[in-house]
Amino acid sequence: MKKPTPPSATLLDFNKRNRDWYLDKLVQALVFIGGISAIVFIIGIFVFITKEGMGFLVGDFSFKEFFLSPNWRPTSETKATYGILALIAGTASVTGLAMLVAIPFSLGTAIFIAEFATGKTREFLKVTVELLAAIPSVVWGFIGLAIMNPLIIEIFHVPVGLNVLNAGIILGLMAAPIMTSIAEDALKAVPDRYREAAEALGATRWQVIYKVVLPAAKNGLLGAVLLGVGRGFGETMAVLMATGHAINIPTSVFDSVRALTATIAAELGETAVGSPHYKALFTIGIALFLITFIINLIADLVVRGVRKG
Amino acid sequence: MFEASPINRKNLSRQKLFRFIFGAMTASLILPVVLILGTLIFKGAPVISFDFLFTNPTKGMTAGGIFPALLGTILLVMVALVASVPLGVAAAIYLSEYAPDNWFTRTINLAIINLAGVPSIVHALFGLGAFVLFFRFGTSILAASLTLAIMTLPVVIVSTRESLQSVPLAFREACWNMGATRWQTIRRIVLPNAVTGILTGVILEVSRTAGETAPIMFTGAVFFLPFLPQGVFDQTMALSLHLFVVSTQVPDMPEAVPYGVALVLIGMVLLMNSASIALRMYLRGKKKW
C-alpha cells in the first residue's frame, strides 16, 4: 500500500506550532516507541537468554559434545554430560512425521476451500479451520495423553502409546489449521483475472488450479509450509506430554523420544539459578531462538518474493 | 456443436476426481478433531458443575473445584492486556499511519513475525531471565503477565493494523483538507471507524493468552497454592498449567477431572474465538464503504 501523505503543515496551518501541533508531534513520538517495541523485544529476548546461557558457552561448552553426543545427563554426580543429539533427533523425528501428515492435508484443504468450495460451505470450513487453530497446546498434549495413548496401544499392540507416532499426529493436527489458513491466503492472493483468462480458454477447474493458480501461488505456499515447520519445531507442551519424554534416538515410530523444547520445560524448574545445568538449558534456548529466527527469515523472504513478482 | 469431446470428458472426470480427493482431505483433517472434541465433551461434561467452577481443589487436587486456577487465568489475562493492548495499538497506528515504506519498517515487520514465531518456551526463558531475575519481580503474576503480553503482542498489532488500513484513504484526505493534524485525523476519524475491528483482535489475544502454558510455568504460575493471590507480586494457579498438573503430576487422579479441566479451558478459548469471528462477520455485513 502506498503511504498517504497529508499536505505539509506549513501550507495550511497559519498559526503553526500551536497546541495541536505539539500534541501531534508528541503522539508521533509515542506511537514510534510502540512501533520499535517489537524490535526491542526481539533483541531483548536474545540478549537475556544469551546473558543467562553465556556462562555455559564459555565454560563447560564443547561444540563436539553439545551437538554430537547423545548423552544428556546434566544431573549425573560423577560426570555431567550435555549432549543434545538425542534431543535433536527427538524434535526432528516428531516434527518430520507431523509435517508428513500436515503438509499434504493442509495444502489439499486450502485448495479445496479456496478453489472448490463455495458460499456457505466455504464460510463454514474457514471458520472451522480458524477455531481448530485456536485449541491451546496443553489441550493437545492432554489429548495425546488421554485419547491417543490408549488408542495407539490398542491398534498397534505396543507397550507404550506415548511415542513419535502419537506426538507426530498431535503436532500434525495442531500445525495443519495454521498452515491451511496461510496457504489459503496465498491462493486467494492470486488475482481472479488469471483464473478467468484460463477458464475463457476452456480449462477445467482442475486445469486452472494445476496450471495457473498453483504456479502463481507457489512462494506463498512454501512460506506457509515453512511457518508450519517453525510452529511444530517450537511447540512445547504437546510434545512434552505426548512423546513419552525418554532420551532416545528413535529407530521406529513406536519409540519414545524427548524434544529440545520439552527438555527445557521439564527440567528448568528443578535447576538452581546459575548452575551449569541451568545455563545449559538456556543454551538450548539460544539454539531454538536462532533456528526459528532463520526459518522465519527464510519464510519472509520467500513470501516477499511473491509480492514483488 | 457444444457436445463434450472425449478429451473434455476426460478433463471433467479428472476435475471431479481431484475435487473428491481434496474434499476428502478436508474432511479427514476436520473430522478427527471434531470426534476428539466430542470425546472431551462426553467425558468432561459430567464433572462440570457450579461447585467445580467455584470451589477450591481438595484432597491433593483429586477432588473439589478449579476456582483458584480459573481466577488466576483471568488475572493473568487482564494484567497482560493492560500491558499489551496500548503498546500493540500504538505500534499498529505507527505502522498503518506513519511508517514510510522502507527497510526500517520492513525490519519492524520482520521483528513482529519473529516475535510470533519464537517458541513459547524461549519466551518463558526470556521472562525468567528478564522479569523474574533482572527486574526482580520474582515469580509473580506481573512477571508471567508481561511474558504473555510480549508473546501475544503480534496478535494485537496485526489485527489492529488490518482494521486501521481498512478505513478508506478518502476519509483521511477529507479530514486533512479541513486542516486537521495527523493525530486529530486518527483520533476523530480513523480510530472510531476501526474500533470494533480492534476489539476482535483483543478478544483473539485474550483467547491466546488464556491457553498458553509454557511461558507462565517458570515466571508466575505454580502447581498449587493454598490461598488466592492478593496482588500482582503474588504467584497464582492457572487453568492451562492446572490441566498439565492434573493430567501428568498427580497420582490416583480420577479420570474425569482432567477431562473437566480440559473442557473448561477449551470452552473458554473457543467461545472467545467464536465471539471474535461473529463480531467480524457482523462488521463485514454493516460496512457501508
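When I speak of a helix axis this morning, I mean a line fitted to the C-alpha atoms of the helix over the stretch in contact, and the angle between two such axes runs from 0 to 180 degrees between their N-to-C directions. With that in hand, let me start inside chain B, where the axes of α5(B) and α6(B) come within 9 Å of each other and cross at roughly 135 degrees. Please keep in mind throughout that this is a predicted model.

How are α5(B) and α6(B) oriented to each other? Angles from 65 to 115 degrees count as roughly perpendicular and those over 145 as roughly antiparallel, with the value here in neither range, and α5(B) and α6(B) are therefore oblique to each other. Their crossing is right-handed. On the α5(B) side the meeting residues are S120(B), H123(B), A124(B), G127(B), F131(B) and V132(B), and they face A143(B), A144(B), L146(B), T147(B), I150(B) and M151(B) of α6(B). Sorted by class, that contact has eight nonpolar residues, four polar ones and no charged ones.

Between those two helices, α5 (120-134) and α6 (141-165) of chain B, there is a loop, and R136(B) lies in it. I would point to R136(B) because its phi is positive, near 55 degrees, in a residue other than glycine, and, as a general matter, most residues other than glycine have a negative phi. Is R136(B) buried or exposed? R136(B) is exposed, since there are 8 other C-beta atoms within 10 Å of its own, and the cut-off for calling a residue exposed is 12 or fewer.

Chain A offers a counterpart in H245(A), which is not a glycine either and has a positive phi of about 60 degrees. H245(A) also sits in a loop, the one between α10 (237-242) and α11 (260-267) of chain A. Here, though, the surroundings are those of a buried residue, with 21 other C-beta atoms within 10 Å, where 20 or more is what burial requires.

Staying with chain A, let me turn to T180(A), which has its place in helix α7 (residues 164-188). T180(A) is buried, with 32 other C-beta atoms within 10 Å. Which residues does T180(A) touch, once its neighbours within four places in sequence are left aside? The contacts are S106(A), T109(A), A110(A) and V129(A). The C-alpha atom of T180(A) is also separated by 9.5 Å from that of A133(A), although the two residues are 47 apart along the chain.

Now to the chains as wholes. Chain A contains 12 helices and two strands, and, read along the sequence, its pattern is α-α-α-β-β-α-α-α-α-α-α-α-α-α. Its radius of gyration is 25 Å, well over the 19 Å that the globule rule gives for 309 residues, so chain A is more spread out than a compact globule. The C-alpha atoms of chain A fill a box of roughly 80 × 60 × 35 Å along the principal axes, and buried residues make up 48% of the chain.

Chain B has 11 helices and two strands, running α-α-β-β-α-α-α-α-α-α-α-α-α from the N terminus. Its radius of gyration is 24 Å, whereas a compact globule of 289 residues would have a value near 19 Å. The C-alpha trace of chain B spans about 80 × 65 × 35 Å, and 50% of its residues count as buried. If we take the contacts in chain B between residues at least 6 apart in sequence, 75% of them join residues at least 24 apart; for chain A the corresponding figure is 71%.

Finally, how do the two chains meet? In total, 80 residues of chain B are in contact with 80 residues of chain A. Helix α1 (residues 6-44) of chain B gives the most to its side, with 18 residues, and that side divides into 51 nonpolar, 23 polar and six charged residues.

One helix pair across this boundary deserves a closer look, namely α6 (residues 137-156) of chain A and α11 (residues 256-286) of chain B, which pack at an angle of about 150 degrees with their axes 10 Å apart. That angle makes α6(A) roughly antiparallel to α11(B), and their crossing is left-handed. V139(A), F142(A) and A146(A) in α6(A) meet P258(B), A262(B), L265(B) and I266(B) in α11(B), and by class this contact has seven nonpolar residues, no polar ones and no charged ones.

Notes:
Residues are numbered from 1 along each chain as its sequence is written. Chains are lettered from A and ligands numbered from 1 in the order in which they are written. This is a predicted model: local features need pLDDT of at least 70, side-chain atom pairs count only at pLDDT 80 or more; totals for chains, interfaces and linings use all residues. Helices (H or I, at least four residues) and strands (E, at least two) are DSSP runs, numbered from the N terminus. The radius of gyration is taken over C-alpha atoms; the globule rule is 2.2 Å times the number of residues to the power 0.38. Two residues are in contact if their C-beta atoms, placed from the backbone, lie within 7 Å. Angles under 35 degrees count as roughly parallel, over 145 as roughly antiparallel, 65 to 115 as roughly perpendicular and the rest as oblique. A crossing is left-handed if the near helix is turned anticlockwise from the far one by less than a right angle, and right-handed if clockwise. Ala, Val, Leu, Ile, Met, Phe, Trp, Tyr, Cys and Pro count as nonpolar, Asp, Glu, Lys and Arg as charged, and the others, Gly among them, as polar.
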